[in-house]
Amino acid sequence: MEAAQVERAGLNLKPSSRMPEDAAVERPVEVGKTVGNIAVDDPIFSCRDVDVFYGAKHAIKKVGIDVARSQVLAMIGPSGCGKSTFLRCLNRMNDTIEGARVEGSILLDGKDIHDRKQDVVQLRARVGMVFQKPNPFPKSIYENVAYGPRIHGLAGDRVELDEIVHHSLKRAGLWEEVKDRLQQPGTSLSGGQQQRLCIARTIAVNPEVILMDEPCSALDPIATARIEDLMEELRQSYAIVIVTHSMQQAARVSQRTAYFHLGDLIEVGETDRIFTNPRHKLTEDYITGRFG
Amino acid sequence: MSLSLEGHTTRAFDGDLSSLHVQAVAMGALVIEQVQLAVNAYSGWDRSAATLVLDRERKINLYDAEIEEAALQVIARRQPMAQDLRAVIAIDKVVTELERAADEAKRLALAVLSDTEFAGFRPGAATAREARQLGRVAAQMIRAALEAFDRLDPAAAAVVDQDTELDSEYAAALRRMITRAMEDARQVQSAIEAAFIMRSLERIGDHARNIARHVAFIVGDFDPTATGVLPSTVAVKT
């Protein structure tokens with residue numbers, strides 16, 4: 001109808017939604033060279049030329065990126081792009097997968113996490129992880145949080161342990177909801193509460209980095225909002241790396257965003273820019289829903 | 001590489017975006033007609049043409065409201081990102097520019113319809129000629145800006161942005177008004193009235209220029225953290 005109106009007006013304006021081939025801003029289309037600045041000042045993690053192989057499959061290709069302190073780094077990309085694989089490199093979770101091989105340099109506070117002297121249990125205390133599905137231990141709420149500090153020897157006595165549990169649950173925004181039922185099983189909580197219990201469990205051992213692998217995908221919008229709110233609070237004390245399929249979530253919670261595509265890190269940059277004016281065509285196609 | 005508002009995995013999104021785009025272009029076509037008709041009404045002191053301008057003004061306002069509502073729906077339902085987000089925001093702004101350009105056309109019509117002893121001054125032959133000339137250039141600018149907007153063509157938009165013909169014509173017209181007023185004090189009031197009309201036509205050109213800048217915003221390279229939402233090289237006139 002509108003087109004007819006335009007024609008009737010005799011203005012020879014033919015709505016087209018298209019522009020000439022040569023007039024648009026050029027965006028790179030090649031892969032293999034990350035667009036954007038991968039380095040930050042004083043990074044907590046510094047990763048360079050990281051390759052991951054699952055047997056013959058080359059899952060991550062020469063990825064280099066820094067993780068900044070007191071920031072949330074969001075990793076986005078389509079399924080199978082390698083973002084979760086890369087996340088799992090950061091606390092050597094891929095060690096547990098048979099046939100997985102990690103190459104390249106991953107420095108935590110300047111020290112190689114693949115160093116022979118590196119205690120993997122200690123590493124995972126420094127670099128905690130929250131998974132897609134809440135996975136509380138089949139123990140009480142109290143024990144879920146107390147377990148880590150106890151095995152790492154962080155509490156001298158019961159009073160100190162109580163203090164750690166109290167502090168961790170409070171920071172995870174769960175204390176008020178569970179303070180009167182600490183001895184009930186962790187599994188008795190709702191999904192969102194269980195996920196916050198897992199976050200409390202992670203922060204109980206004083207990590208420096210928290211990795212989150214789609215932490216809200218099993219939660220309702222209200223529980224998701226509480227976790228996102230919590231992330232904003234936690235990032236004051238910890239670096240957070242989150243893998244998410246929700247671009248809106250990445251835009252809401254992160255300060256930097258990295259886009260992965262078929263094992264390549266295509267683009268990394270300030271979240272403000274990535275979601276308004278990405279530099280790489282693949283990033284643009286993905287975040288505007290033109291992927292594939 | 002070409003920029004297209006189409007190509008989404010969700011094809012309904014393509015439809016929503018191109019419908020917004022097409023409606024804005026259609027509204028623009030109506031605005032050009034309004035400008036031309038208003039200039040004719042003023043220069044020919046034609047009350048029926050001026051009445052038609054006011055009647056059609058309602059349609060322009062309806063377009064404005066409908067497109068704004070549709071843009072809101074696209075944002076709420078599709079959560080556009082990157083170029084799509086820029087396009088929705090820019091289309092909404094283009095529509096506002098068009099609506100304001102139509103308002104300027106309305107001022108010309110109102111001048112004709114408020115023709116009384118104390119308000120409204122029928123232009124003499126020279127003023128009518130100047131209004132026609134400014135109106136022609138202003139309508140051309142709106143048309144060129146709309147064509148750039150239709151094709152999302154930043155090169156064409158840049159031409160509109162740099163067009164100074166209307167500014168020169170306006171400055172020359174103003175000089176003539178001042179001269180006329182200085183020569184004959186009885187013409188001061190009519191010269192002021194005519195200057196307001198010329199000013200309205202000049203502002204239509206400003207709105208065309210702003211539309212061109214919104215085209216650059218959709219397709220252009222910019223740093224939102226450094227410049228807000230507009231390209232770094234421009235500042236939109238209001």
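Which helices of chain B do the buried residues of H2(B) pack against? They pack against helix H1 (11-44) and helix H3 (82-113).

## Ground rules

This is a predicted model, where local features need pLDDT of at least 70, side-chain atom pairs count only at pLDDT 80 or more, and totals for chains, interfaces and linings use all residues. Residues are numbered from 1 along each chain as its sequence is written, while chains are lettered from A and ligands numbered from 1 in the order in which they are written.

## Helix H2

Helix H2 of chain B (helices being DSSP runs of H or I, at least four residues, numbered from the N terminus) covers residues 47-78. Its 32 residues reach 46 Å from first C-alpha to last, close to the expected 46 Å (1.5 Å times one less than the number of residues).

Among its buried residues are B:Val53, B:Ile60, B:Tyr63 and B:Ile67, along with B:Arg56 and B:Glu57; buried means 20 or more other C-beta atoms within 10 Å of the residue's own, C-beta atoms being placed from the backbone. Right after H2(B) comes B:Gln79, with a positive phi near 45 degrees.

## H7 and its partners

Helix H6 (residues 165-183) and helix H7 (residues 188-219) of chain B have axes that come within 9 Å and cross at roughly 175 degrees (axes are lines fitted to C-alpha atoms over the stretch in contact, with angles from 0 to 180 degrees between N-to-C directions). So H6(B) and H7(B) run roughly antiparallel (over 145 degrees).

Helix H4 (residues 125-151) of chain B packs on H7(B) at about 10 degrees, axes 8 Å apart. That pair is therefore roughly parallel (under 35 degrees).

Notes. Helix = DSSP H or I, 4+ residues; strand = E, 2+ residues; numbered from the N terminus. Buried ≥ 20, exposed ≤ 12 C-beta atoms within 10 Å, placed from the backbone. Contact = placed C-beta atoms within 7 Å. Parallel < 35°, antiparallel > 145°, perpendicular 65-115°, else oblique.
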